[in-house]
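Work through the exercises below with the model open. Try each task before you read its solution.

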Amino acid sequence: MRKLKTALTLLLTLGLAVLLSTAALADDAPSGTCGENVTWTLEGSVLTISGTGAMTDYSLYYNWIDAPYSDAPWYSSRENIALVVIENGVTSIGDSAFYCCTGLTSVTIPDSITSIGDESFMGCSSLTRVTIPGNVARIAVDAFCGCNSLTNVTISTGTISIIESAFAECSSLQCITIPTSMVSIDWYAFFGCVSLTDVYYGGSEDEWNAIAIEDEGNEYLLNATIHFASDSTDTGTDTDSTDTGSTDTGSTDTGNTDTGRALRKS
């Protein structure tokens with residue numbers, strides 16, 4: 001009887017030890033700092049960036065043998081990170097922060113973000129969609145270069161420029177929404193975007209033509225069908241409803257789905 005009690009006590013002790021060990025491992029998720037007031041936590045496949053202020057800018061390192069690598073603290077887990085959640089309060093995404101996170105399929109970018117760094121999402125080959133908040137003034141060099149599963153990009157009102165190679169080699173990109181705040185698109189911004197067929201622009205054809213778009217390396221953008229939200233001739237003073245199209249579109253039609261008004265930029 002004493003032996004049975006001893007055995008049961010031993011089993012209970014071992015079971016408790018396993019439970020405590022599992023709890024300790026759960027609490028010991030990889031984490032650290034990635035800015036003066038910004039922290040990161042990796043739980044399973046979800047990387048959460050939280051805090052206030054700017055993220056650290058990271059660097060790419062090159063050698064003669066291997067591909068470039070980033071010094072971001074989560075880089076060794078890049079193939080296992082499926083979701084990046086950047087919480088409101090963080091104001092920038094650091095250079096090379098998520099470089100080559102090949103398992104990343106989704107990223108949440110809050111309105112508090114004002115800067116997306118160089119090469120920040122470069123080589124994220126599983127990322128499929130992204131929305132850029134309007135507080136981001138410019139989309140930096142190589143920011144989404146090589147995201148070859150990216151099919152849809154929405155740029156919110158407020159962004160004024162797309163810098164060199166920002167979306168280069170996004171070979172699956174089919175459509176992009178560009179706001180009227182856009183002022184310039186650098187050369188090679190859409191280089192190699194062989195699937196790009198539709199651009200949804202928030203303004204008129206005249207406004208689109210006023211954007212400084214570099215011809216070199218942007219052939220796929222310039223040859224896409226441009227869907228304008230308003231007619232160039234619609235100044236708001238025309239009283240003829242048959243000319244403004246008011247009977248066709250309705251008051252809630254932004255033009256983003258109105259392919260009947262699509263025009264191709266020459």
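**Exercise 1. Find the polar partner of Asn218's side chain, then describe its surroundings.**

Step 1. The side chain of Asn218 reaches the backbone nitrogen of Ala189 at 3.2 Å. A polar contact is a pair of N or O atoms within 3.5 Å; within protein, one must be able to donate a hydrogen and the other to accept it, and residues adjacent in sequence count only if both atoms are side-chain atoms.

The model is predicted: local features need pLDDT of at least 70, side-chain atom pairs count only at pLDDT 80 or more, and totals for chains, interfaces and linings use all residues. Residues are numbered from 1 along each chain as its sequence is written, and side-chain values use heavy atoms, leaving out hydrogens and water.

Step 2. Place Asn218: it sits in the loop between β17 (212-213) and α3 (219-222). Helices (H or I, at least four residues) and strands (E, at least two) are DSSP runs, numbered from the N terminus.

Step 3. List contacts (heavy atoms within 4.5 Å). Beyond four places in sequence, Asn218 meets Ile185, Asp186, Trp187, Tyr188, Ala189, Phe190 and Ile213.

**Exercise 2. Is Asn218 buried or exposed? Classify Gly202 too.**

Step 1. Know the cut-offs: buried is under 20% relative accessible area, exposed over 50%, partly exposed in between (1.4 Å probe, protein chains only).

Step 2. Asn218 has 0% relative accessibility, so it counts as buried.

Step 3. Gly202 has 41%, so it counts as partly exposed.

**Exercise 3. Locate Gly202 and name its contacts.**

Step 1. Gly202 lies in the loop between β16 (198-201) and α2 (205-209).

Step 2. Leaving out residues up to four places away in sequence, Gly202 touches Ile178, Thr180 and Ala229.
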